[in-house]
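Hi everyone, thanks for coming. I'd like to walk you through a model today, so get comfortable and have a look at the screen.

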Amino acid sequence: MASMLLTRQLASALQQNSRLFGPRCRYVSQTAAKTNVDFEYDSPLMKTEVPGPRSRELIKQLNAIQNADAVNFFCNYEESRGNYLVDVDGNRMLDLYSQIASLPIGYNHPALIKILQQPQNLSTFINRPALGILPPENFTEKLEESLLSIGPEGLKQVLTMSCGSCANENAFKLTFMWYRNKERGHSRVTKEEMESCMINQSPGCPDYSILSFMGGFHGRTMGCLATTHSKAIHKLDIPSFDWPIAPFPRLKYPLEQFVKENQEEEAHCLEEVEDLIVKYRKKKKTVAGIIVEPIQSEGGDNHASNDFFRKLRDIARKHGCAFLVDEVQTGGGSTGKFWAHEHWGMDDPADVVTFSKKMMTGGFFHKAELRPDAPYRIFNTWLGDPSKNLLLAEVLNVIKREDLINNTVQAGKVLLDGLLEFQSRYPHVVSRARGKGTFCSFDAPSDAARIKLMAQTRNKGVVLGGSGDKSIRFRPTLVFKEHHAHLFLNIFNDILADFK
């Protein structure tokens with residue numbers, strides 16, 4: 001408690017010395033009133049450039065034992081609070097990237113600290129069970145309190161995994177098992193199938209495929225990589241499968257000015273999906289499932305209309321394919337609904353929905369007919385971690401108590417309105433502003449301009465993320481409020497005004 005008080009006193013004192021983190025803003029907007037958040041700082045505070053000297057030294061040390069080229073800077077997580085990330089050089093930054101979209105309620109939230117301090121929860125954190133064979137007594141109860149309380153429409157079965165790639169990889173396996181059982185009918189597995197699968201041959205290993213989209217990202221494991229098409233560096237030198245890849249709509253903005261063109265673009269993509277399903281069936285590589293993100297996240301924050309997804313769902317149903325929705329990055333509330341696919345307005349939106357990131361644990365929901373028909377078919381040692389379900393249950397309590405889904409709608413409107421304003425004022429820097437909730441992005445003129453813009457913004461105390469070829473994406477926490485959006489917009493306006 002004393003450290004919390006000291007933190008608040010320090011933040012208040014530093015706020016008075018605003019010249020430490022840049023000039024007063026010129027953004028034309030009324031600043032939102034700050035809500036009372038006891039555990040959070042008031043503003044960024046920059047002491048060095050980022051990465052600073054201590055971060056650079058630690059990167060050098062790490063690079064001696066592994067490739068550390070992707071490391072941005074080293075963090076002081078003990079001192080980080082709410083929407084603010086502190087680095088090892090003492091720089092305090094407004095974090096709008098939140099660990100690649102993974103922090104639901106910010107750094108060191110008091111509600112989660114309290115969960116860890118309760119003696120009855122110690123066993124859950126200390127003893128990590130092999131859930132598939134030796135789950136704890138309260139495991140079903142905790143799943144009902146957490147994941148099953150927010151399960152997507154029509155999906156009553158759930159399996160937990162360690163990460164998003166694990167979730168998608170095993171969702172593919174589930175899809176192939178379901179499709180083979182459907183083809184097999186009521187027949188029993190044959191001796192030939194059992195023996196041939198042991199040497200990677202058919203009929204035990206059928207030559208099925210998963211249809212995915214150019215620009216999609218579904219993970220970096222072997223099966224997932226066959227459906228990942230966002231950056232070449234993810235796939236280079238890795239053997240892969242001959243699975244169909246459909247074009248994903250490339251919408252023109254502003255949407256209201258290109259209605260006809262965008263409708264034609266989506267119709268073309270849907271036509272390609274059907275053509276590929278037919279083509280691969282003729283090639284004896286039957287499409288057992290289609291996987292899609294509600295918003296292509298790593299691939300450039302690419303959106304499509306609700307109508308596109310409804311028609312895609314119909315195509316999957318028509319051809320007997322499972323429909324897999326990857327909500328690893330979009331799930332958990334940041335789009336203004338708990339699941340991004342809820343925007344589609346469908347009664348039967350998916351057969352499988354995968355999740356991770358803001359959900360604290362990886363895993364997937366699925367329909368009962370896709371349930372594995374024998375033990376060990378979908379299995380690994382951990383199958384997730386009960387402590388993550390415990391934390392998720394408390395995250396969901398905070399989301400409900402603080403009305404955080406509605407908050408993302410309100411904060412997201414301020415953020416997107418500001419980006420649209422920047423687009424009109426600085427069209428040479430900002431274009432194609434887009435988003436749902438706080439799940440927003442815009443395009444920079446080029447990758448080089450993006451890198452420069454993100455570096456300048458970070459040195460002014462704001463962390464952003466890249467996406468696709470030249471997009472900048474926003475992935476703040478669910479406790480990102482309107483006043484945080486205004487604070488960012490004010491800082492960013494000063495950067496844009498001087499950007500060349």
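Before we start, one term: when I talk about helix axes, I mean lines fitted to the C-alpha atoms over the stretch in contact, and the angle between two axes runs from 0 to 180 degrees, taken between N-to-C directions. Please also keep in mind that this is a predicted model.

Let's use that term right away. Helix α4, residues 110–117, and helix α13, residues 386–401, have axes that come within 10 Å and cross at roughly 145°. That crossing is right-handed. On the α4 side, the contact is made by Ala111, Leu112, Ile115 and Leu116. On the α13 side you'll find Leu390, Leu391, Glu394, Val395, Val398 and Arg401. Sorted by class, the contact has eight nonpolar residues, two charged ones and no polar ones.

Now please turn to α16, which covers residues 482–498. I'll take its packing with two helices, beginning with α14, residues 404–425. Their axes are 8 Å apart, and the packing angle is about 15°. Angles under 35 degrees count as roughly parallel, so α14 and α16 are roughly parallel to each other. α14 passes α16 in a right-handed crossing.

Who meets whom here? From α14 come Gln410, Ala411, Val414, Leu415, Gly418, Leu419, Phe422 and Arg425. Facing them from α16 are Glu482, Ala485, His486, Phe488, Leu489, Phe492, Asn493 and Leu496. By class, that contact has 10 nonpolar, four polar and two charged residues.

The other helix to look at is α15, residues 447–459. The axes of α15 and α16 come within 10 Å, and they cross at roughly 130°. How do the two helices lie relative to each other, then: parallel or oblique? They are oblique, because 130° falls outside the ranges for roughly parallel, under 35 degrees, roughly perpendicular, 65 to 115, and roughly antiparallel, over 145. The crossing is right-handed. Leu453, Gln456 and Thr457 in α15 meet Phe492, Ile495 and Leu496 in α16. This contact has four nonpolar residues, two polar ones and no charged ones. You may recognise Phe492 and Leu496, which also belong to the contact with α14.

Just ahead of α15 there is a residue I'd like to show you. Alanine 444 sits in the loop between β11, residues 439–443, and α15. Is alanine 444 buried or exposed? Its relative accessibility is 1%, so it counts as buried. Leaving aside neighbours within four places in sequence, alanine 444 is in contact with Val429, Arg450 and Lys470.

On to the nonpolar cores. The largest one has 76 residues. Which of them touch the most other members? Those are Leu211, Phe213, Val273, Ile290, Phe308, Leu312 and Phe323. Take leucine 312: not counting residues up to four places away in sequence, it touches Phe213, Leu270, Val273, Ile290, Val292 and Phe323. Apart from that core lies another, of 33 residues, and among them are Leu96, Phe488, Ile491 and Phe492.

Next, a few backbone details. Most residues other than glycine have a negative phi, and most peptide bonds are trans. With that in mind, look at the bond from valine 50 to proline 51, which is cis with omega near 0°. Proline 51 is in the loop between α1, residues 2–16, and α2, residues 53–63. The bond from tyrosine 253 to proline 254 is cis as well, with omega near -5°. You'll find proline 254 in the loop between β5, residues 245–246, and α11, residues 259–282.

As for phi, glutamine 99 has a positive value of about 55° although it is not a glycine. Glutamine 99 belongs to helix α3, residues 98–101, and is partly exposed, with a relative accessible area of 31%. Lysine 357 also has a positive phi, near 45°. It lies in the loop between β8, residues 352–355, and β9, residues 362–366.

One last stop, back in the loop between α1 and α2, where we find methionine 46. Its relative accessible area is 10%, so methionine 46 is buried. How far apart in space are methionine 46 and glycine 461? From C-alpha to C-alpha they are 6.2 Å apart, with their positions 415 residues apart in sequence.

That's my tour, and I'm happy to go back to any part of it.

Key: Residues are numbered from 1 along each chain as its sequence is written. This is a predicted model: local features need pLDDT of at least 70, side-chain atom pairs count only at pLDDT 80 or more; totals for chains, interfaces and linings use all residues. Side-chain values use heavy atoms; hydrogens and water are left out. Helices (H or I, at least four residues) and strands (E, at least two) are DSSP runs, numbered from the N terminus. Buried means under 20% relative accessible area, exposed over 50%, partly exposed in between (1.4 Å probe, protein chains only). Contact means heavy atoms within 4.5 Å. A nonpolar core is a set of buried Ala, Val, Leu, Ile, Met, Phe, Trp, Tyr and Cys residues joined through side-chain atoms within 4.5 Å. A crossing is left-handed if the near helix is turned anticlockwise from the far one by less than a right angle, and right-handed if clockwise. Ala, Val, Leu, Ile, Met, Phe, Trp, Tyr, Cys and Pro count as nonpolar, Asp, Glu, Lys and Arg as charged, and the others, Gly among them, as polar.
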